[in-house]
Amino acid sequence: MQLLSATLLLVSLLLDSRRIFHQHLYTSSQKMADEIVLNYHDSILRKSDVRILEGPYWLNDTVIAFYLEYLEKEKYGETDLLLISPSVTQCLKASHEKQIPDFLDPLHAKNKSFVFMPFNDCMGFVSPGGTHWSLLVFSKSERKFYHFDSSSCSVSGMQAHELARKLESYFGLTNAQIKYMESLQQDNSYDCGIYVLCNIENIAFHILKTGTIESVQKLKKVNVSSKRHELLELINQLSQSHHDTE
């Protein structure tokens, strides 16, 4: 009986070792196949991220965060706009009101006149998820939060309301108005992230021109339709530029 138990234990250990070895090989091959395409400041894009832009797929946090960082570095760095990454916005959604300064103070959010917060409708905070992106923007001068959503059927309005209520005291407001803006509606199930990026640029352009959000015009469909191609071209240009400087 002892010999049998020892044999079974040995077989089990061998099987576990073999399983771990194959998992390591599979993970390693995955990493090799999903090689880095672009390393831009704090953003890293891999082949899988680029494939998302090439096909009719829902944008992930990585692509959105990269483009926000690009806009911040190349277009809005000297402005009074703050573009918050989706991961930080998710932390704001998950955190208690007393923890909000831990995330926003390092970004000097109180010193900014306009704060852009893209978020998805994920309700869980341990693992990533969600099926729809929308945009919440805070305007200090107008003392309001504005929500832009490319799908009137989503539940994002409720989450935008909850997030705004959580943030209002941080920005020195009480019962701040939350305005749900009329937005160009998507005609598919996967372009919500593209609409968010286009909305950010459209709103930012209006802010820099007028100093307000209130009268911003809706997106034009042509801007949304060409955005994936523009992003792919941008990534290619930045990648090529990086290789040329090496």
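The following dialogue discusses how to read a predicted model, from its overall make-up to its sheet, one helix and several charged residues.

Reader: How many helices and strands are there in the chain, and what percentage of its residues count as buried?

Author: This is a predicted model. The chain holds nine helices and seven strands, and 43% of its 246 residues count as buried. Among contacts between residues at least 6 apart in sequence, 64% join residues at least 24 apart.

Reader: In what order do the strands of the open sheet lie?

Author: Strands of a sheet pair through backbone hydrogen bonds, in either a parallel or an antiparallel sense. Here five strands form an open sheet in the order E3-E4-E5-E6-E7, and the pairing is mixed. Strand E3 (81-83) and E7 are the edge strands, each pairing on one side only. From one strand to the next, the twist averages 20°.

Reader: Which strands pair in the parallel sense, and which run antiparallel?

Author: E3 and E4 pair in the parallel sense over three bridges, with Leu-81 opposite Phe-114 in E4. E4 and E5 run antiparallel and are joined by seven bridges; there, Phe-119 stands opposite Ser-134 in E5. E6 and E7 pair in the parallel sense over four bridges, and Lys-144 stands opposite Gln-177 in E7.

Reader: How many residues of E4 are buried, and which way do they point?

Author: E4 is mostly covered, with seven of its seven residues buried. Phe-114, Phe-116, Pro-118 and Asn-120 point one way from the strand, while Val-115, Met-117 and Phe-119 point the other way. H4 lies across E4 and E5, running at about 85° to E4.

Reader: What covers the buried residues of helix H6?

Author: Helix H6 (residues 156-167) has twelve residues and reaches 16 Å from its first C-alpha to its last, close to the expected 16 Å. Its buried residues include Ser-156, Gly-157, Ala-160 and Leu-163. The cover over the buried residues of H6 includes helix H4 (86-94), H5, E4, strand E5 (133-139), strand E6 (144-148) and strand E7 (177-180).

Reader: Which residues form salt bridges with Glu-214, and are the partners buried or partly exposed?

Author: The structure holds ten salt bridges. One of them joins the side chains of Glu-214 and Lys-144, at 3.1 Å from N to O. This pair links distant parts of the chain, 70 residues apart: Glu-214 lies in the loop between helix H7 (192-210) and helix H8 (221-225), and Lys-144 lies in strand E6. Glu-214 also forms a salt bridge with Lys-179, with the closest N and O atoms 2.1 Å apart. Because Glu-214 lies in the loop between H7 and H8 and Lys-179 in strand E7, the pair ties together parts 35 residues apart in sequence. Lys-144 is buried, with a relative accessible area of 17%, whereas Lys-179 is partly exposed at 27%. Glu-214 itself is partly exposed, at 29%.

Reader: Where do Glu-230 and Lys-227 lie?

Author: Both residues lie in helix H9 (residues 227-244), three residues apart, about one turn of the helix. Their side chains meet in a salt bridge at 3.4 Å, N to O. Glu-230 is partly exposed, with a relative accessible area of 37%, while Lys-227 is buried, at 5%. Salt bridges that share partners join Lys-75, Glu-201, Lys-227 and Glu-230 into one network.

Reader: Why does Lys-112 have no salt bridge?

Author: A salt bridge requires a side-chain nitrogen within 4 Å of a carboxyl oxygen. Lys-112 is buried, and its nearest side chain of opposite charge, Asp-80, is 4.9 Å away, so Lys-112 has no salt bridge. Lys-112 is placed in the loop between helix H5 (100-104) and strand E4 (114-120). Leaving aside neighbours within four places in sequence, Lys-112 is in contact with Thr-79, Asp-80, Leu-81, Leu-82 and Lys-140.

Key:
Residues are numbered from 1 along each chain as its sequence is written. This is a predicted model: local features need pLDDT of at least 70, side-chain atom pairs count only at pLDDT 80 or more; totals for chains, interfaces and linings use all residues. Side-chain values use heavy atoms; hydrogens and water are left out. Helices (H or I, at least four residues) and strands (E, at least two) are DSSP runs, numbered from the N terminus. Buried means under 20% relative accessible area, exposed over 50%, partly exposed in between (1.4 Å probe, protein chains only). Lys and Arg count as positive and Asp and Glu as negative; His and the chain ends are not counted. Contact means heavy atoms within 4.5 Å. The expected span of a helix is 1.5 Å times one less than its number of residues. Two strands pair if DSSP finds at least two bridges between them. Axes are lines fitted to C-alpha atoms, for helices over the stretch in contact, and angles run from 0 to 180 degrees between N-to-C directions.
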